[in-house]
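Dear colleague,

I am handing over the structure below, and my notes on what was found in it follow directly after. Please read them alongside the coordinates.

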Amino acid sequence: MQPLNLPPYAAKVTCRDGKRMIFDKLRRKYVSLTPEEWVRQHFVNYLTVHKGYPSTMLANEVELSIGQKRLRCDSVLYGLHAEPRMIIEYKAPTVSLTQKVFDQVSVYNLLLHVDYLVVSNGLLHYCCKMDYDNQKYLFLEGIPSYENI
């Protein structure tokens, strides 16, 4: 898989029925190794090992519903009282982080009303802090450590 702009880690990769799989430590199972999943697993490792995020407060593939429509957040960070604090959207390294990607994560936020939105394709990472009182958001220089959110 493609090298990313994230710290390397010893990913558990295996092959089942001719299909490459990677271990997802949050879901505690092997999942299909796609380019987007490669980014997700590296980013979760980055958050937990390098930024101090508790893995017990992160969830992958969080399902949301708007009427009959079902959506799925790539990752969500929860707070001490199980309230959503951060939505993280991943794309494959070959996917540009366009306005469409930010619109996608914004739709999720209409339901979750989080403090932070993060978008990453493994090469570029963007984080913004929401300011609901002033109806705006602020792009941060990097991904904050857990103690700073």
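**Helix α2 and its surroundings**

In α2, the buried residues (under 20% relative accessible area with a 1.4 Å probe, protein chains only; exposed means over 50%) are V101, F102, V105, Y108, N109 and L112. Seen down the axis of α2, these buried residues fall within an arc of 120° (taken from the directions from the helix axis to the C-beta atoms), so they line one face of the helix. On the other side of α2, Q99, K100 and L110 are exposed. The cover over the buried residues, in terms of contact (heavy atoms within 4.5 Å), includes β4 (58-66), β5 (69-78) and β6 (84-90), and also β7 (116-120), β8 (125-131) and β9 (136-139).

This is a predicted model, in which local features need pLDDT of at least 70 and side-chain atom pairs count only at pLDDT 80 or more, while totals for chains, interfaces and linings use all residues. Residues are numbered from 1 along each chain as its sequence is written, and side-chain values use heavy atoms, with hydrogens and water left out. Helices (H or I, at least four residues) and strands (E, at least two) are DSSP runs, numbered from the N terminus.

**Strand β2 and residue D24**

D24 belongs to strand β2 (residues 19-24) and is buried, with a relative accessible area of 0%. Leaving aside residues up to four places away in sequence, D24 touches K29, V31, E37, R40, Q41 and N60. β2 and β3 pair (DSSP finds at least two bridges between paired strands) in the antiparallel sense over 4 bridges.

Best regards
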